[in-house]
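Biologist: I have a model open and would like to know what stands behind the labels people put on it. Could you take me through the reasoning, one label at a time?

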Amino acid sequence: MSLQSAQQHVTLNTLNKIRANGQKFSCLTAYDACFSGLLNEAGIEVILVGDSLGMVLQGHDSTLPVTMADMVYHVQCVKRSNKRSFLMADMPFMSYSSDTETLENAAALMRAGAEMVKLEGGAWLESSTRLLAERGIPVCVHMGLTPQSINRIGGYLVQGRDPIQAESMVKEALLLQEAGASILLLECVPTALAKRITDALDIPVIGIGAGPHTTGQVLVLHDLLGISPIKPKFVKNFLPESDNGIAGAIKAYADAVKSGQFPAPEHCFD
């Protein structure tokens with residue numbers, strides 16, 4: 001029996017044990033009770049209520065318009081049918097711009113049912129990460145391509161190809177771990193850099209477009225089902241592989257992540 005199935009409800013301890021044993025875990029977005037239930041049945045270890053809902057549900061061209069009220073509502077929906085998965089929620093754009101806002105908004109998400117909050121950024125998140133961790137709120141820091149900073153970055157571009165930027169990302173990841181981050185998420189970074197950061201840290205690293213060496217993988221649910229209008233390189237449509245519709249596609253994704261079959265080389269960046 002795998003570590004993933006040996007425990008009724010997945011916790012941070014579960015994820016750390018998976019990492020320590022050299023295994024993989026799967027993470028997937030969900031925004032409502034129906035899909036939350038399907039993800040539970042498929043054995044998805046981590047559910048992310050992502051601010052990606054702004055694009056895949058609300059029809060915006062970025063995540064920036066998503067509000068705290070949106071996030072709290074969708075966390076509550078997902079929580080109602082989540083019996084097993086570890087539940088993580090995004091802090092939306094500008095919801096952690098001061099200590100007071102950070103604490104109040106993180107607390108609102110935790111009251112709604114989240115077990116961890118995710119913030120986008122780098123070294124500048126050190127104080128916020130420490131503030132939350134000291135008050136018992138687990139933190140995932142999202143580095144690399146950070147969609148909330150898309151206007152500053154100038155597009156959905158791979159991050160860390162420049163050696164100076166790569167070195168900075170390694171140092172920032174270590175800094176944020178020391179500040180109390182419990183998970184790091186890397187988006188759209190070269191495979192070699194993601195491996196370097198994963199090997200340097202003592203916490204689980206989740207990747208999306210970050211190669212096969214991270215502890216976990218995450219996709220947006222709508223991408224996995226092939227119903228998003230934009231199809232990034234790191235996405236795979238699992239629906240054609242399923243003989244059981246949507247439920248089968250989700251299970252195929254979970255199995256492919258845990259077996260190391262996903263992501264394949266064609267989903268990665270050099």
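Modeller: Gladly, and let's start with a cysteine: the closest cysteine sulfur to that of C140 is in C27, 8.2 Å away, which is too far for a bond. Please keep in mind throughout that this is a predicted model.

Biologist: How do you know that 8.2 Å is too far for the sulfur of C27?

Modeller: A disulfide calls for two cysteine sulfur atoms within 2.5 Å. The sulfur of C27 has its closest cysteine partner in C140 at 8.2 Å, so this pair does not qualify. For the structure as a whole, the count of disulfides is zero.

Biologist: And why is C27 called buried?

Modeller: The label applies under 20% relative accessible area. C27 has a relative accessibility of 0%, so it counts as buried. C140 also has 0%, and therefore gets the label buried.

Biologist: Good. What makes S85 buried, and where does it lie?

Modeller: S85 has a relative accessible area of 0%, and the cut-off is under 20%, so buried is the right word. As for its place, S85 lies in the loop between α5 (68-80) and β3 (86-90). Leaving aside neighbours within four places in sequence, its contacts are H9, V10, N40, I44, E45, I47 and E115.

Biologist: What makes H9 a contact of S85?

Modeller: Contact requires heavy atoms within 4.5 Å. H9 is listed among the contacts of S85, so the two have heavy atoms within that distance.

Biologist: Let's move to helix α3. Why are S36 and A42 called buried?

Modeller: S36 is found in α3, residues 33-42, and has a relative accessible area of 0%. A42 lies in α3 too, with a value of 7%. The label needs a value under 20%, so S36 is buried and so is A42.

Biologist: Which residues do these two touch, beyond four places in sequence?

Modeller: S36 is in contact with A30, I47, V78, S81 and N82. A42 touches I250, K251 and A254. There are C-alpha distances to go with this: S36 and Q76 are 40 residues apart in sequence and 11 Å apart in space, while A42 and A252, 210 residues apart along the chain, have C-alpha atoms separated by 8.5 Å.

Biologist: Now the empty spaces. What makes a space a cavity rather than a pocket?

Modeller: A cavity is space where a 1.4 Å probe fits but cannot get out, whereas a pocket is open. The structure holds one cavity of 30 Å³ or more. The largest cavity has a volume of about 50 Å³, so it passes that size limit.

Biologist: Which residues line the largest cavity?

Modeller: Its lining has 13 residues, and I208, G209, Q217, F234 and P263 lie nearest the centre. The elements giving two or more residues are β7 (205-208) and β8 (216-219). The largest share, three residues, comes from β8.

Biologist: How do you know the lining of the largest cavity has no charged residues?

Modeller: Asp, Glu, Lys and Arg count as charged. By class, the lining of the largest cavity has eight nonpolar, five polar and no charged residues, so none of those four types occurs there.

Biologist: And the pockets: what are the volumes of the largest and the second largest?

Modeller: The largest pocket has a volume of about 680 Å³. Of its 33 lining residues, S52, M55, E187, V220 and D223 are the closest to the centre. Its lining divides into 19 nonpolar, eight polar and six charged residues. The second largest pocket holds about 430 Å³, and 21 residues line it, with G121, W124, T146, S149 and R152 nearest its centre. Its largest share, four residues, comes from α9.

Biologist: Why is G121 placed in the polar class?

Modeller: The scheme counts Gly among the polar residues, so G121, which lines the second largest pocket, goes there. By class, that lining has eight nonpolar, 10 polar and three charged residues.

Biologist: Finally, how confident is the predictor, and where is the pLDDT below 50?

Modeller: The protein averages a pLDDT of 96, and 97% of the residues score at least 70. Over residues 1-6 the pLDDT is below 50, and this stretch has 14 contacts in the model beyond near neighbours in sequence. Where pLDDT is low, the predicted coordinates should not be read in detail.

Note on methods:
Residues numbered from 1 in each chain as written. Predicted model: local features only at pLDDT ≥ 70, side-chain atom pairs only at ≥ 80, totals over all residues. Heavy atoms only, no water. 1 Å grid on protein atoms, 1.4 Å probe; cavity = no way out; pocket = protein on both sides within 12 Å on 5 of 7 lines; lining within 4 Å. pLDDT = per-residue confidence, 0-100. Buried < 20%, exposed > 50% of the residue type's maximum accessible area, 1.4 Å probe, protein only.
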